[in-house]
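Here is a walk through a protein–DNA model, written for someone who likes to know the cut-offs. Have a look at the sequence and structure, then read on.

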Number of protein chains: 2
Amino acid sequence: MTANPTALKKAQNEQSWGIQDFADLFEVTPRAIRFYEDKGLLTPSRESGSRVFGLEEHGRLTRILRAKRLGFTLDDIKVVMDVTYGLITDRVELTQRRDNFEKVIASLKRRRKDIDILAREMGELCSIIDDHLEKTADDSNVSSLAEAYDEVFREHFSHEMLDDPLFTNSKRS
Amino acid sequence: MTANPTALKKAQNEQSWGIQDFADLFEVTPRAIRFYEDKGLLTPSRESGSRVFGLEEHGRLTRILRAKRLGFTLDDIKVVMDVTYGLITDRVELTQRRDNFEKVIASLKRRRKDIDILAREMGELCSIIDDHLEKTADDSNVSSLAEAYDEVFREHFSHEMLDDPLFTNSKRS
DNA sequence: ACTCAGCTTGACGTTAACGTCAACGTTAAA
DNA sequence: TTTAACGTTGACGTTAACGTCAAGCTGAGT
């Protein structure tokens, strides 16, 4: 046996894509992908000039797009990726970023509440619309939509105000 | 009793704010608030030229900012608000928008999964950082961070790939 | 009468995340 | 060899959501 312990699986048989296929895979444009590379978020290998994307880059782009969907900027994402891929060695910097990450995690949990509330509100809105569409199945415009909305959101409103610390601030002249 | 059935509570004693106080209340700038008004998302009353914001506008801005936090554009928000406040009367338009709202609700639920995954990943990242900071409490840089990350994300990776429909698409020449 | 705080309406500047060209190189098939 | 498909690097354009002035009104206090 020729000496080849812990052989790197960097072999040929790993999946890989050209930029167009890779872009199609995630429903983004090649331009966007090049842009992410410029920002240092992707580092595809090259074959005679052309970019070649493998599983590693697939994983990265998956995470990039997930974070983007949640409203993070590419700079935000880079702050995380640089740590993830070991580009940050300074202990102080590392500690600061970890603290930041914990704040992000906290804000993510708040975001979940936002989602719950918005999803519920939009569900109610759909119901109200359905009611309205049913009542006025012919073409008489008897019931004003505004009334129904008003009821629902008034109720809402008091809910929100109760646990809203803002509400003890300032009044007006 | 003077005739006054179902009296409107449009009275004086409702809370109200000037633009600066109102902005402070939500930690945004007066400019942003004027911008939202230009876009038709807020319609404060006026007192000798100056804007006056009441409970109604408070509720609206609450919802505007919540939607913004979730990545919706102001135009997106207006599409919902216009329905909510009865500005859309056309049945066809109304039906289309309701269908759209249901898609939004569905995508909100997908967003929750994004949050769960990202929060978990960032939690793991924090743990890894802590481990690293502990091991190298002096200043010897024995363990490479990259190794630890690699393990965690490789695992991840296979998880994701399993339920990823994308993964049966295209290969490469 | 003057000043000042707080508001108003333009109007132009800025940033992020690409879109959209133009001009050019490379490989494989006809 | 020519063409076609696919890639490359600039470089400039675009949109959303404001920021940042400038110039002017307005009502309360001195």
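Which helices and strands of chains A and B each supply at least two residues of the surface near DNA strand D? From chain A they are helix H1 (19–26), helix H2 (30–38) and strand S2 (50–52), and from chain B they are H2 and helix H4 (74–84). Helices here are DSSP runs of H or I with at least four residues, strands are runs of E with at least two, and both are numbered from the N terminus.

Some ground rules before going further. This is a predicted model, with local features needing pLDDT of at least 70 and side-chain atom pairs counting only at pLDDT 80 or more, while totals for chains, interfaces and linings use all residues. Residues are numbered from 1 along each chain as its sequence is written, chains are lettered from A and ligands numbered from 1 in the order in which they are written, and side-chain values use heavy atoms, leaving out hydrogens and water.

**DNA strand D**

Back to strand D: 17 residues surround it, and the closest are Arg34(A), Arg51(A), Thr29(B), Tyr36(B) and Leu74(B). A residue is near a strand if one of its heavy atoms lies within 4 Å of it. H2(B) provides the largest share of this surface, four residues. Sorted by class, the surface has five nonpolar, five polar and seven charged residues. For the record, Ala, Val, Leu, Ile, Met, Phe, Trp, Tyr, Cys and Pro count as nonpolar, Asp, Glu, Lys and Arg as charged, and the others, Gly among them, as polar. Of the strand D atoms within 4 Å of the protein, 70% belong to sugar or phosphate, and the rest belong to bases.

**DNA strand C**

Strand C is surrounded by 18 residues, the closest being Thr29(A), Tyr36(A), Thr73(A), Arg34(B) and Arg51(B). Its surface divides into five nonpolar, six polar and seven charged residues. Here H2(A) gives the most, with four residues. Sugar or phosphate accounts for 68% of the strand C atoms within 4 Å of the protein, and bases for the rest.

**Phosphate contacts**

The table lists polar contacts (pairs of N or O atoms within 3.5 Å) to phosphate oxygens.

| Residue | Protein atom | DNA strand | Distance |
|---|---|---|---|
| Arg51(A) | side-chain N or O | D | 2.7 Å |
| Thr29(B) | side-chain N or O | D | 2.6 Å |
| Lys68(B) | side-chain N or O | D | 3.0 Å |
| Lys68(A) | side-chain N or O | C | 3.1 Å |
| Leu74(A) | backbone N or O | C | 3.0 Å |
| Arg34(B) | polar side-chain atom | C | 3.0 Å |

For strand C, the elements that give two or more residues to the nearby surface are H2 and helix H4 (74–84) of chain A, plus H1, H2 and S2 of chain B.

**Inside the chains**

In chain B, helix H1 (residues 19–26) has Ile19(B), Phe22(B), Ala23(B), Leu25(B) and Phe26(B) as its buried residues, where buried means under 20% relative accessible area (1.4 Å probe, protein chains only). They sit on the same side of H1(B) because they cover an arc of only 155° around the axis, taken from the directions from the helix axis to the C-beta atoms. Their packing partners in chain B are helix H2 (30–38), strand S2 (50–52) and helix H3 (55–69). After H1(B) comes Glu27(B), with a positive phi near 55°.

Chain A has six helices and two strands, in the order α-α-β-β-α-α-α-α along the sequence. Of its 173 residues, 40% count as buried.

Conventions:
Buried < 20%, exposed > 50% of the residue type's maximum accessible area, 1.4 Å probe, protein only. Contact = heavy atoms within 4.5 Å. Polar contact = N/O pair within 3.5 Å; in protein donor to acceptor, adjacent residues only side chain to side chain.
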